[in-house]
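Reader: Please show me the model. Then take me through its sheet and its cores.

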Amino acid sequence: MKRKVLLMGRSGSGKTSMRSIIFANYIARDTMRLGATIDVEHSHVRFLGNLVLNLWDCGGQEAFMENYFASQRDHIFRNVEVLIYIFDIESREMAKDTKYYRSCLEAILQNSKDAKIFCLIHKMDLIPQDQREIVFRQRAQELQSLSLPLKITCFKTSIWDETLYKAWSMIVYSLVPNVKTLEQHLERFCEIAEADEVVLFERATFLVIAHATHKPYIDVHRFEKISNIIKQFKLSCSKSQAQFQSMEVRNSNFAAFIDVFTSNTYIMVIMSDPNITAAATLINIDVARSHFEKIISQTSAGGAW
């Protein structure tokens, strides 16, 4: 099952850097050596086995942008499932940003009116910490008004923190068919294992696919922080010619188990009950593997339940 995803925005907005971090295992500082995208770069990213993201990274130089809306209009904007438009928060040419974004919306409305639209307000690390939320909300409101009658979802992002994983996890989540059913099964597993929380990560990207939570936590960004940390640890392992398999983290308040789950996922199980042994949790994970392998296979294929 292929899903066409357009990644658009003006040159220098950060499109290729974020794509390289999420899908090509770059770390943030290494993206400095990436060159500008010429015309359209196509990549097929296999996600959850049968789901393939047909990613079109569209160069943002003016000559290319004008061409997308003229001679290549139907080719670029036909059969789009998701449009991701990147805005550089420090852009000094807001009029051009707005012009090209409006042109994108018009082309989407004409060729793929049911496409989901995500706007990533990027390079937020350049804004002082105490001003970020205010600046983001103002920009998001402007874009939502500009986008009418289409509905959009906005995220603030930076390659230097977990916000990038938050945005891309939500984007990919919107593309996974029958994900609610997967969450119901994860909820049941959380109950049976008597866990505080269970989180499912995609194996290659470590993006969050689904979770079940039975105990409230203060940090709403915890999943994305864990994605970022574990992805960096996996990269460190590979540089040492080792392969990351599993991890157990324990203190006086909780135990966290991260393990390979199915052929396409990792699972994280959080336990705080001291009466439940590590061996019992690991057995529960092992027993659930074959069941979830079948569930995820059907989910990524878009099969009926």
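Author: First a term: contact means heavy atoms within 4.5 Å. The model is predicted, so local features need pLDDT of at least 70 and side-chain atom pairs pLDDT 80 or more, while totals for chains, interfaces and linings use all residues. Residues are numbered from 1 along each chain as its sequence is written, and side-chain values use heavy atoms, without hydrogens and water.

Reader: Which residues does F189 contact, leaving aside neighbours within four places in sequence?

Author: Set the sequence neighbours within four places aside. F189 then contacts V198, I267, V269, N284, I285, A288 and F292.

Reader: Which helix gives the largest share of the largest nonpolar core?

Author: A nonpolar core is a set of buried Ala, Val, Leu, Ile, Met, Phe, Trp, Tyr and Cys residues joined through side-chain atoms within 4.5 Å. Buried means under 20% relative accessible area, exposed over 50%, partly exposed in between (1.4 Å probe, protein chains only). The largest core has 53 residues, and F47, I84, L120, W168 and F189 touch the most other members. The largest share, six residues, comes from residues 163-173, which form helix 6.

Reader: How many residues are in the second, separate core?

Author: Its members include V40, W56, V80 and I127. The count for this second core is 33 residues.

Reader: In what order do the six strands of the open sheet lie?

Author: Helices (H or I, at least four residues) and strands (E, at least two) are DSSP runs, numbered from the N terminus. Two strands pair if DSSP finds at least two bridges between them. Strand 2 (40-47) and strand 6 (152-156) are the edges, each pairing on one side only. The pairing is mixed, and the order is 2-3-1-4-5-6.

Reader: Which residue is the bridge partner of E41 in strand 3?

Author: Strand 2 pairs with strand 3 (residues 51-58) in the antiparallel sense, over eight bridges. The partner of E41 there is D57.

Reader: Why is strand 4 largely enclosed by the rest of the structure?

Author: On one side V82, I84, I86 and D88 are buried. On the other, L83, Y85 and F87 are buried. Strand 4 is largely enclosed because its buried residues number seven of seven.

Reader: Which residue in strand 5 stands opposite V82?

Author: Strand 4 and strand 5 run parallel, joined by seven bridges. Opposite V82 stands K116.

Reader: Which residue in strand 4 is the bridge partner of L6?

Author: Strand 1 and strand 4 also run parallel, with five bridges. The partner of L6 is L83.
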